[in-house]
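Thank you all for coming; I would like to walk you slowly through one model this morning, and I will try to build the picture piece by piece. Please keep the structure open in front of you while I talk.

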Amino acid sequence: MRDKARAQGRRVVLGITGGIAAYKTPELVRRLRTAGAVVRAVLSQSATRFVAPGALAAVGAELVDDEDRGMPHIDLARWADIVLIAPATAHLLARLAMGAADDLLTTLCLATEAPLCVAPAMNRVMWEHPATRANHAQLLERGVLFVGPGAGPQACGENGPGRMSEPLEIAAFLERFWGETGALRDIPALVTAGPTYEALDPARGFTNRSSGKMGYAVAAALAEQGAQVVLVSGPTALAAPPGVHRILVTSAIEMREAVRAHREGLRLFVGAAAVADYRPETMAPQKLKKQADTLTVTFVRNPDILAEVAQWQPRPFTVGFAAETEALEDHARAKLEKKGLDLIVANPVGEPGAGFGTDQNRVTVINKDRTVAWAAAAKTEIARQLVREIIKRLPRN
Ligand code: CTP
């Protein structure tokens, strides 16, 4: 690690599971220690077949085991600045995905609020198996950081993805992560997310297929950087991300009120909600009874929350989303200009693997002088990348 300060004093719980790559972990500990981190190592039972605890202790790791009454899992979970699992076997990923808590390592992963970072290592067929793909996707969705795996020759004689990243790469990954963390410390930010629901009568209404996943991932990524995040969310099935103050709303009008209530001192606004453009003109006080063969509902325009925020004086740095089914870039750029935004994130809808309800997304990020198409990635990763863009552009004041 070049920059000592980033790792200096960071408390790393290193979980080691039983893969052949565990033999590389003393080198990983050595690199982390040299950079100034404090390392406590938790070995799974099978890990000891591939690395000697004595070798880890010799390079400065403090060993913690299941029987150690002096360091129960809760203390260790609180102590950690990060929980790093290297190597992480296919079995470990499966247990993390299901929320197992049957040994010290999995228990502390459930009990910690620190970021969790994993470096998978397994045979390529196991990595590509649908079960592992599903576990990987689920963990990404929960914001777990993945380093690797790399591709290349494997211990089992095969060639392909599944090799644990080298200790140097893992250490560099953490260095980057720590270098970025805290860049938005105490910056007031507001994110809208999810759909809105526009009532027609007490039992029925109009909504859309937004799951809220993209906006929630943005809120989580901002909180990860230390921002004071308010998440104004329409109805979703998602849990509030840690460290985020969530306000639940139903309609566009309620969403606008909640946003306005946080105007004072707001530095960053990200409109990721799929706000209904129209609402029924009136809400029937009682459930509508069927009568004629057709029903005509009159809709009226909802306020454009994003466009309103972009007009505030002073205004926060304003980021919008554009969901498009055609002419993605042209439509998104037109919205950027018309609404007066700093940045717009355009994503295709109606294609597999992007847009509403999916865990993946493929976006094009546009500002007044640049258009950049990003590679498809998990929404959590897109969110982190977007936050990095915001950090670069946010006016300092
Ligand atoms: N948005 C908003 N309030 C609205 C409508 C949209 O804040 N009433 C925000 C969304 O959160 C998103 C952006 O505006 O960040 C773009 O929304 P979108 O529905 O894609 O575009 P519209 O401006 O509504 O245009 P159109 O429906 O014509 O595509």
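Let us begin with helix H5 and helix H8, the second of which covers residues 130–141, since the axes of these two helices come within 9 Å and cross at roughly 50 degrees. That angle makes H5 oblique to H8, and, as for the hand of the crossing, H5 passes H8 in a left-handed sense. I should say straight away that what we are looking at is a predicted model, so please hear everything that follows with that in mind. If you want to find the contact on your screens, look in H5 for Ala 90, Leu 93, Ala 94, Leu 96 and Ala 97, which meet Thr 132, Asn 135, Gln 138 and Leu 139 in H8. Sorted by class, this contact of H5 with H8 has 6 nonpolar residues, 3 polar residues and no charged ones.

Now, from H5 we can step to a sheet. This is an open sheet of 6 strands, and if you read across the sheet the order is S3-S2-S1-S4-S5-S6, with parallel pairing. Which strands lie at the edges? They are strand S3, at 62–64, and strand S6, at 145–146, each of which pairs on one side only. The partner of S6 is strand S5, residues 116–120, and the two run parallel and are joined by 2 bridges; within that pairing, Val 118 stands opposite Phe 146 in S6. Helix H5, which spans residues 90–98, packs on this sheet, where it touches strand S4 (82–88) as well as S5 and S6, and the direction of H5 makes about 140 degrees with that of S4.

Let me move further along the chain, to strand S9, residues 188–193, which is mostly covered, with 5 of its 6 residues buried. Strand S9 is joined by 6 bridges to strand S12, residues 228–233, and the two run parallel; one position to look for is Thr 192, whose bridge partner in S12 is Val 232. S9 also runs parallel to strand S14, residues 268–271, and 4 bridges join that pair, with Ala 189 standing opposite Leu 268 in S14.

Strand S12 deserves a moment of its own. It is mostly covered, as 5 of the 6 residues in S12 are buried, and S12 pairs in the parallel sense with strand S13, residues 244–248, over 5 bridges. Val 232, which we met opposite Thr 192, has Ile 247 as its bridge partner in S13.

I will finish with a second pair of helices, H10 (residues 213–224) and H14 (residues 379–393), whose axes come within 8 Å and cross at roughly 50 degrees. How do H10 and H14 lie, oblique or parallel to each other? They are oblique to each other, and H10 passes H14 in a right-handed crossing. On the H10 side the residues in contact include Met 214, Ala 217, Val 218 and Leu 222, while among those that they meet in H14 are Ile 382, Ala 383, Leu 386 and Val 387. By class, this contact of H10 with H14 has 9 nonpolar, 1 polar and 4 charged residues.

How values were computed. Residues numbered from 1 in each chain as written. Predicted model: local features only at pLDDT ≥ 70, side-chain atom pairs only at ≥ 80, totals over all residues. Heavy atoms only, no water. Axes fitted to C-alpha atoms, helices over the stretch in contact; angles between N-to-C directions. Helix = DSSP H or I, 4+ residues; strand = E, 2+ residues; numbered from the N terminus. Parallel < 35°, antiparallel > 145°, perpendicular 65-115°, else oblique. Left-handed = near helix turned anticlockwise from the far one by under 90°. Contact = heavy atoms within 4.5 Å. Nonpolar A, V, L, I, M, F, W, Y, C, P; charged D, E, K, R; others polar. Pairing = 2+ DSSP bridges. Buried < 20%, exposed > 50% of the residue type's maximum accessible area, 1.4 Å probe, protein only.
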